[in-house]
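Q: Could you take one helix of this protein and go through its packing against its neighbours with care, then place it within the rest of the chain?

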Amino acid sequence: MGFLTLAIVVWLAALAGWYMISKYFQSADADKVKQRLLGVGKARTKKSKDGTDGAQSVIRTQQGGNKLAQMLVEKYQLGPKMKLFLEQAGLRWTPARLVHLSIVAFVIGFVFAWVVLPAAIPRALAFLVGLVAAPAPFLYVWMQRRTRLKKFEALFPETLEFISRSMRAGHAFSVSLEMIHREFGEPVAGEFRRTFEEVNLGLPIEVALQSLAKRVPSLDVHFFVSAVLLQKRTGGNLAEILDKLAYVIRERFKLRGRIRAVSAHGRMTATSLSCIPIAVAILMFYTNPDYVKFFFNDDVGNIMMGAAIALQLIGYLVMKKIVNIEV
């Protein structure tokens, strides 16, 4: 009977996951349709009543499944920060969609822990597992953001040299930004194309470059923006400045690689020391459950477990701070 109940619950969880994923892709398709409809409405001078109603219906359809998430975003005023976070990751998501996925991850983690955990373990632990699973979408966005920034920084020195060569060949600075889109790949091409389009549509170049620095929170990009704005105010040879800046960035990359090679042993030690207590806890959980129940059922055990987790986190952060050397 227990196996049959477990099979039914797992089947229901899989069905719910499939439904959430299908709703997510339907929402993405609706977002594309909405952008097309709104784009057509902006391009034409005559507004079609049917087209406007169609666009509004698509918007309502998209927001219908994210009402709770949208309410949370508006209540805590998370929209601007989360929108910038998603832009830095290169994802065309809305803040409400990210919060919605986080809620779905919490529900899946809670149901999974409720089904898998033995009856001897308090069911309140399932809520803790749900809380641990809830940040999974944010972790995915953060990893996408970090990967995208690394790719941008790797291509940035060559991009600066390309701008310098283009200006020596007689092209204007804005034209050089537009040429980057044809010569380089993402994410450099997309960011500089957006900057060129903003300048081409009448936005001051200072504001467009500052927006670029905000979308790409890299020290190298801030150096580039400061150099261009300073040259615009005081004059000078911008091509030479960009060549020197590209040289400095490459030297920083070399120094950063050497530091990572030297600190590799410390990083491996920190990871190993942090994983050993978790592995021992999992082994004790399956080999001697009565010993583990003390940490959940007894007040002193709760205090000991909380202190152990806190000290473990503090130790990991201290070791991470020691081996993480910024250049």
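A: What follows looks closely at helix H7 and then turns to other parts of the chain.

The model is a predicted one, and the protein in it has 15 helices and zero strands. Of its 327 residues, 29% count as buried, and among the contacts between residues at least 6 apart in sequence, 62% join residues at least 24 apart.

Helix H7 spans residues 136–168, and against helix H12, residues 238–262, it packs at an angle of about 160 degrees, with the two axes 8 Å apart. Because angles over 145 degrees count as roughly antiparallel, this value makes H7 roughly antiparallel to H12. The crossing in which H7 passes H12 is left-handed. From H7, the residues that take part in this contact are Glu 153, Ala 154, Phe 156, Pro 157, Glu 158, Leu 160, Glu 161, Ile 163, Ser 164, Met 167 and Arg 168; from H12, they are Leu 238, Ala 239, Glu 240, Leu 242, Asp 243, Leu 245, Ala 246, Ile 249, Arg 250, Phe 253 and Arg 256. By type, the residues of the contact between H7 and H12 divide into 13 nonpolar, one polar and eight charged.

H7 also packs against helix H11, residues 219–234, here at an angle of about 20 degrees and with the axes 10 Å apart. Since angles under 35 degrees count as roughly parallel, H7 is roughly parallel to H11. H7 passes H11, too, in a left-handed crossing. In this contact Phe 152, Glu 153, Phe 156, Leu 160 and Ile 163 of H7 meet Asp 220, Val 221 and Phe 224 of H11, and the residues involved divide into six nonpolar, no polar and two charged. Glu 153, Phe 156, Leu 160 and Ile 163 of H7 appear in the contact with H12 and also in the contact with H11.

Before H7 in the sequence comes helix H6, residues 124–133, in which Leu 125, Ala 126 and Gly 130 are buried. These three cover an arc of only 150 degrees around the axis, which puts them on the same side of H6. Ala 124 and Val 132, on the other side of H6, are exposed. Helix H5 (95–116) and helix H14 (289–297) are among the elements that cover the buried residues of H6.

Between helix H8 (173–183) and helix H9, the loop holds Pro 187, and the peptide bond that leads from Glu 186 to Pro 187 is cis, with omega near 5 degrees. For comparison, most peptide bonds are trans. Helix H9 itself covers residues 188–200 and includes Glu 198, which counts as buried because its relative accessibility is 18%. Leaving aside residues up to four places away in sequence, Glu 198 touches Leu 203, Ala 208, Ser 211 and Arg 215.

A last position to look at is Thr 271, found in helix H13, residues 264–287. Its relative accessibility is 44%, so Thr 271 counts as partly exposed. Thr 271 and Met 319 are 48 residues apart along the chain, and their C-alpha atoms are separated by 9.0 Å.

Methods:
Residues are numbered from 1 along each chain as its sequence is written. This is a predicted model: local features need pLDDT of at least 70, side-chain atom pairs count only at pLDDT 80 or more; totals for chains, interfaces and linings use all residues. Side-chain values use heavy atoms; hydrogens and water are left out. Buried means under 20% relative accessible area, exposed over 50%, partly exposed in between (1.4 Å probe, protein chains only). Helices (H or I, at least four residues) and strands (E, at least two) are DSSP runs, numbered from the N terminus. The arc is that of the directions from the helix axis to the C-beta atoms. Contact means heavy atoms within 4.5 Å. Axes are lines fitted to C-alpha atoms, for helices over the stretch in contact, and angles run from 0 to 180 degrees between N-to-C directions. Angles under 35 degrees count as roughly parallel, over 145 as roughly antiparallel, 65 to 115 as roughly perpendicular and the rest as oblique. A crossing is left-handed if the near helix is turned anticlockwise from the far one by less than a right angle, and right-handed if clockwise. Ala, Val, Leu, Ile, Met, Phe, Trp, Tyr, Cys and Pro count as nonpolar, Asp, Glu, Lys and Arg as charged, and the others, Gly among them, as polar.
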